[in-house]
Structures are given as structure tokens and as C-alpha cells.
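This briefing concerns the pockets of the structure shown below. Which residues and elements form their linings?

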2 protein chains.
Amino acid sequence: MSERTTIIVFAVFPGVTQLDFTGPHQVFSFLPGAEVIVASSAGGTLKSSGLTFAELRRLADIPACDVICVPGGHGVTDNAIQDDAFLGELRRLAATARFVTAVCRGSIALGAAGLLRGKRATSHWAWRDQLALFGAVPDPCRVVRDGNVVTGGGVTAGIDFALTLVAEIAGPEVAQAIQLQMEYAPAPPFDAGRPEIAPPAILSRVRDQNAATAKPHLKAIKAAADRLAAQSV
Amino acid sequence: MSERTTIIVFAVFPGVTQLDFTGPHQVFSFLPGAEVIVASSAGGTLKSSGLTFAELRRLADIPACDVICVPGGHGVTDNAIQDDAFLGELRRLAATARFVTAVCRGSIALGAAGLLRGKRATSHWAWRDQLALFGAVPDPCRVVRDGNVVTGGGVTAGIDFALTLVAEIAGPEVAQAIQLQMEYAPAPPFDAGRPEIAPPAILSRVRDQNAATAKPHLKAIKAAADRLAAQSV
């Protein structure tokens, strides 16, 4: 086993969904030899889903990492993909990383940074198709690996994503030991976690909720895709 | 539907495991009309599993709540159950609450506060049997309800626990909509999340890890149980 530290960086931003990174953060915190860093453009303090996180590092202060991971949330479209400096830090760190990863809508930020061209990737089910605008191939699986790009679906998929990545980095026995320590034998009280299995009335309800706020998000995605295309010319 | 706010309080302490409360916190943050509070004895800032949480409230400043929830972590035995003021706040808030709840080893703190006498309850699988010292009946289910006491198993069980509680508070449709929004259709890459199904070598490995640090925890539990018994005479 290597003695080298595995540096894992979560690149966060205002409007991130906290469980998108706290789930995988907890998994990685059990990985022997891992240094798990949460960093934003500004560093310091960040509010997320009603929690306040402090002592964040600045992305610009991190020279390199083994894993870069972008979590999701409405802030992906409201902030991250409109922030060229943030996207630049993603590109810079991705170039140093063994794995370039995202959870939930975080993959849209990877796309906007030009890191998903020609890659199969997933996202939150309601946003997955948008990845095609950045040249990615949307994949409906919960955890998708294409080369060194590993993406997870919506919010809770971050736990499955992280265990998958731990198995890749440290072997399946380490991942299984972490799974047992975290008692990850999930037993959801309902079968409603994917659009394909949710009761139709529940799916309509959530689609309506999302549609009510979707317009500025879709507009920001389109604008980011146009900027990326212009850069690539 | 009631217009009244549902106040949900996570009572945290140094050495809490972050996913024990960030998982259910994310679920409850989607509950319409909910105010979700994280509070400790001192308030302010708290480090947990490598993250720093800020702007915590003080338990003593919260007059009442609808749900009191105690998450787990090594700090339950290192701090929470040795802190009479913390246990007193749990008792005071529990007396105002509709639901008295815990995730993972948090149920040991409920026990030490005298809130589990005669109640069926669960905990992290490695610590569940200890609940009997506080007059509780250990139950191996992932989420256990006995009257107004609702407890979840280790770490990740907090998500199943929270969806169960949301269904109780706001109905199954609301819980299912939250489950779909969080894409909670878990697909663990391995079947190792419970001692009954984990490969024997993995179970031995985790048992050995836990045994190496268990002694002071077990001693603190025994002492807390003795103090509780002395108070009850």
C-alpha cells in the first residue's frame, strides 16, 4: 500500500446542496491516507441548504489533487457555471487529478468547464439530458465511469459514487469495510427514488415544482454551452 | 395542512459524525414549513469528521421543538453522555417534542438521559446491545418506532429514518416527493452494509478496528448507566 496521501478536493460554491458533498465526504473521511478538502473560490464560510460551513480553503491555494469532485445544487447554474474563475480552477485541478468527478448537477459544471467532451456522464435525473449541450453523452446509470471521469446521479447517489471510487483507489475490501462501518444497507421506506419507479402523481408533483424554477437554470446552461463552443472554435 | 412551523432540532456535540445529521438535515430541509436547527451546548463552531460547522445555536436558547434528534459518533461516549448539562437539555426539549429521535450512537445519549426506559430502540449495529444498560430493548431494525421514540441505525440509516419521520409528520406523498428530488434509489456497489450480510473477513476487520478503541467508550457507557440508575432510586 502506498504511503502517499490521497488528496480529494470538493469544489463548492454558493447554492451547493450540502448532502451532495457531505455524503461522499463522510465516505472518503474513512479512507486511510486521504486528505479531504472542501474549497471554494473565496474560501472561508459558505451557507448550504440551511447549514453554515466554515474554514473552507481557497481553490487557488491548492496546487494539485488526486480527485476533484464537484457537487450539485441550484448554485451550479446560479453561480458555478457563470463564474469563469471557478471553471478555470476546475480545469486546472482536473489536469492534475487521477479522477475528475461530480455528484448530481455538479456534472453540469464539469461540462461547462469543457471536461466532459465525448464522455458518458450522469447527473440529477431532471438535468441529465442537459449534459449533451456540453458534448457529453448522458447516461442514466446511478454511477457512471468513462475513463478518468466518474459521475454520480442526484444527491444521495454521492454515497454510491464515493464507495465506487474508494474501491477503485484502495480496493473493494476497503470500500466494503467503510460500507459496514457506515451501516450502508439502505432500506428506503418507499420506492419513489427514480422517475421510472415513482408513482406518477409524485413524479408530476416534483416535475411541476422543478418546472416552476427551471427557466433561469436552463438559460444559464445554454449560455455556458455557447461560451464553451465559442472557446473551442 | 397546518400553517404552523415544524421545529426540528439536531443536538450535536464535539465528536459527532457529520453524516448522522447532514443526511436527515437534507431530507428535513425539503419539508414544507420546517425550521431545521443545529444546536450544541456552547453554540458557535463545531468540527465534525473533518468539516467545520458554524453558526450553531445554543441548546439552552431553544424553548421547545417538535422533533429532537441526537446524531452519533465517538463524541456520544467521549462527550455527550458525560455532560450532565447536555443530557438535561435533551430531557427538557424531549418533554416539549412530538418525536424524540436519534441516529446511530445518538440513541445511547437518549438512553443516558433516561429517555429510553422500556422503549424498543436501535443504534449503530456495533453498539446496539449497549442500549439495554439504559433500560431500552435493542431492536435490530434499521428504523424503529416505539411510541414517540424513533431511532435509526448507523450513519446512513439517518436518511431512511428522516423519510420515515417526514411521512409521519406530513404524509407519505411528501416523503416520496422528497425521495424523488434526492434521487434516493440507493444502489450500493457491494453488499456489505450489515454484519449479517458482510463478508466474514470484512466483518472481522471492522470488529478489530472498533475493538481497538472500544474500551473507554464501553466504560463511559457503564458509568452513565450507573449514574442514571442512581438518579432513579
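In this predicted model, α7(A) contributes the most to the lining of the second largest pocket, namely five residues. That pocket has a volume of about 440 Å³. The largest pocket, with a volume of about 680 Å³, receives its greatest contribution from α7(B), which supplies six residues.

**Second largest pocket**

- The volume of the second largest pocket is about 440 Å³, and 20 residues line it; those closest to its centre are A:Thr17, A:His74, A:Arg105, B:Phe30 and B:Gln181.
- Two or more lining residues come from each of α7 (200-232) of chain A and α1 (18-29) of chain B.
- The lining of the second largest pocket comprises 13 polar residues, six nonpolar residues and one charged residue.

**Largest pocket**

- The largest pocket occupies about 680 Å³, and of its 28 lining residues, A:Phe30, A:Gln181, B:Arg105, B:Gln209 and B:Asn210 are the closest to the centre.
- At least two residues of this lining are supplied by each of α1 (18-29) and α6 (172-181) of chain A, and likewise by each of β3 (44-48) and α7 (200-232) of chain B.
- Within that group of elements, α7(B) gives the most, with six residues.
- Classified by residue type, the lining of the largest pocket contains 14 polar, eleven nonpolar and three charged residues.

Notes. Residues are numbered from 1 along each chain as its sequence is written. Chains are lettered from A and ligands numbered from 1 in the order in which they are written. This is a predicted model: local features need pLDDT of at least 70, side-chain atom pairs count only at pLDDT 80 or more; totals for chains, interfaces and linings use all residues. Side-chain values use heavy atoms; hydrogens and water are left out. On a 1 Å grid over the protein atoms alone, a cavity is a set of points where a 1.4 Å probe fits but cannot get out, and a pocket is an open set with protein on both sides within 12 Å along at least five of seven lines; lining residues have an atom within 4 Å of a point. Grid points are joined across faces, edges and corners, and a volume is the space filled by probe spheres set on the points. Helices (H or I, at least four residues) and strands (E, at least two) are DSSP runs, numbered from the N terminus. Ala, Val, Leu, Ile, Met, Phe, Trp, Tyr, Cys and Pro count as nonpolar, Asp, Glu, Lys and Arg as charged, and the others, Gly among them, as polar.
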